Amino acid sequence: MDIKRVKYNLYWLFCQFELITCSYLMEPWEKVLFYTFNSAVVVMLLYTAYIFFAVHLGTAFQSFLHLLGNQHENTVSVVK
């Protein structure tokens, strides 16, 4: 893929984003606040999704092993 074409497509997507959010009407300091807030929200959502996805995968894997009959041994040993 041509580098100029990729740059053009990214610029076009950014222009579409500015049109959809009407951020092209904002002053530069407003854009900084707007983009900072939106970036922070997206990063928090991605982090939360990553954490919960890992937890749910672990739980699903343990349930799957339990259905197959491979029971996880207790970590506390029984003293006789």
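Reader: Is Glu18 buried or exposed?

Author: The general idea is a scale of relative accessible area: under 20% is buried, over 50% is exposed, and partly exposed lies in between (1.4 Å probe, protein chains only). Glu18 has a relative accessible area of 12%, so Glu18 is buried. Please note that this is a predicted model, in which local features need pLDDT of at least 70 and side-chain atom pairs count only at pLDDT 80 or more, while totals for chains, interfaces and linings use all residues. Residues are numbered from 1 along each chain as its sequence is written, and side-chain values use heavy atoms, with hydrogens and water left out.

Reader: What share of the residues in the chain is buried?

Author: Of the 80 residues in the chain, 2% are buried. The chain exposes about 7,700 Å², an area computed by the Shrake-Rupley method with a 1.4 Å probe, where for residues only the protein chains shown count as cover. Carbon and sulfur atoms supply 71% of that exposed area.

Reader: Which residues does Glu18 touch?

Author: A contact means heavy atoms within 4.5 Å. When residues up to four places away in sequence are not counted, Glu18 touches Ser23, Tyr24, Lys31 and Tyr35.

Reader: How many salt bridges does a search of the whole structure find?

Author: A salt bridge is a side-chain nitrogen of Lys or Arg within 4 Å of a carboxyl oxygen of Asp or Glu. The search finds one. In the structure, the side chains of Lys31 and Glu18 meet in a salt bridge, with 3.1 Å from N to O. This pair links distant parts of the chain, since Lys31 belongs to helix α2 and Glu18 to helix α1, 13 residues apart.

Reader: How many helices and strands does the chain have?

Author: Both are DSSP runs, numbered from the N terminus: helices (H or I) of at least four residues, strands (E) of at least two. The chain has two helices and zero strands. Glu18 lies in helix α1, which covers residues 3-21.

Reader: What span should helix α2 have?

Author: The expected span of a helix is 1.5 Å times one less than its number of residues. Helix α2 (residues 28-68) has 41 residues, so a span of 60 Å is expected; the end C-alpha atoms are 59 Å apart, which agrees. Helix α1, with 19 residues, reaches 27 Å from its first C-alpha to its last, close to the 27 Å expected.

Reader: Which residue follows α1, and what is its phi?

Author: Cys22 follows α1, with a positive phi near 60°. That is a positive value in a residue other than glycine. Cys22 sits in the loop between α1 and α2, and its relative accessibility of 38% makes Cys22 partly exposed. Just after α2, Gly69 also takes a positive phi, of about 100°.

Reader: How many aromatic pairs are found in the whole structure?

Author: A pair of aromatic rings is described by the distance of the centres and the angle of the planes. Rings of Phe, Tyr and Trp (its six-membered ring) pair if their centres lie within 6.5 Å; planes under 30 degrees apart count as stacked, over 60 as edge-to-face and the rest as tilted. The search finds three pairs. For Phe17 and Tyr35, the ring centres are 6.1 Å apart and the planes stand at 35°, so this pair is tilted. The pair joins distant parts of the chain, with Phe17 in helix α1 and Tyr35 in helix α2, 18 residues apart.

Reader: Which ring forms a tilted pair with Phe34?

Author: Tyr35 does, at 5.6 Å centre to centre with 55° between the planes. Ring pairs link Phe14, Phe17, Phe34 and Tyr35 into a cluster. Within this cluster, Phe17 is partly exposed at 34% relative accessible area, Tyr35 is partly exposed at 22%, and Phe34 is partly exposed at 21%.
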